[in-house]
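Here are some exercises to work through with the model open beside you. Try each task before reading its solution.

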Amino acid sequence: MDVIKAQSILIIPKQTSEPSVILSMIALGRTLTENGKSVSYYIDETVRNSIDIFKDDENIINDTNTKNELTVKLDNIKSTVKQLDWEQQNDTLTIKLTSQEGEIGSPDISITHTNQNFDLRIFIQVKKQDLESLSISNDTPIFSGTSVFLSEDSENENIPVSIFNFIQKTKYTLSENNAETLLLALRNSTDNFTNNVTSETFQVAAELLKVTEVPKP
């Protein structure tokens, strides 16, 4: 799967409430959403309960809710579905859809498990060897597939810089709000530009300021 062409994306950050990681994740996720992508976040339930930054329509998944979801997708429906009925008898589940007109045929139907329903996974400050710690063993398929790892490859690099470089490389449009969020993450990760700074750090900050200071029409 081409990273740029991916439509459904799962973002998996390091499971922490550290502001620089959370803000970087939000800036990336909302940038992808604004560029037409369907974005979900994998956040441990404990971490999720400790932060209050997500919007109501942002999709958060974790070990608790990935085990009991199944998506039945109708790919080529040419009329409005007017009724949905279902019945479970012992181990058998029957689902009945009725449309206003037209036929719903088997070639139009696909079934996907939530764990595998992503074109791309973006890991933030998570290395490949850390994956087993994110989920119990029988739930690891959620982390399988085309992946991008955005991490601190050197002591002088930090997560907001990695996120910015990824957005630049993929040529996604960065909005003023998301630039402000990423700049806040950069300030947090460097203690307001007093620690772990390089010439690239200031260059990225300057580029983000350019976006946030675009004159209003």
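**Exercise 1: two helices that meet**

Val-161, Phe-164 and Asn-165 of H4 are in contact (heavy atoms within 4.5 Å) with Glu-200, Thr-201, Val-204, Glu-207 and Leu-208 of H6. This is a predicted model, where local features need pLDDT of at least 70, side-chain atom pairs count only at pLDDT 80 or more, and totals for chains, interfaces and linings use all residues. Residues are numbered from 1 along each chain as its sequence is written, and side-chain values use heavy atoms, leaving out hydrogens and water.

Task: at what angle do the axes of H4 and H6 cross?

Solution. Start with the axes, lines fitted to C-alpha atoms over the stretch in contact, with angles from 0 to 180 degrees between N-to-C directions. They come within 10 Å and cross at roughly 55°. H4 and H6 are therefore oblique to each other (neither under 35 degrees, over 145, nor 65 to 115).

**Exercise 2: the buried side of H5**

Task: find which residues of H5 are buried, and what they pack against.

Solution. First locate H5, residues 176–189. Next, list its buried residues (under 20% relative accessible area): Asn-178, Ala-179, Thr-181, Leu-182, Leu-183, Ala-185 and Leu-186. Finally, look across to their partners, helices H1 (19–34), H4 (159–170) and H6 (199–212).

**Exercise 3: around Leu-208**

Task: which residues does Leu-208 touch, not counting those up to four places away in sequence?

Solution. Begin with Phe-164 and Leu-174, then add Ala-179, Leu-182, Leu-183 and Leu-186.

Conventions: Helices (H or I, at least four residues) and strands (E, at least two) are DSSP runs, numbered from the N terminus. The expected span of a helix is 1.5 Å times one less than its number of residues. Buried means under 20% relative accessible area, exposed over 50%, partly exposed in between (1.4 Å probe, protein chains only).
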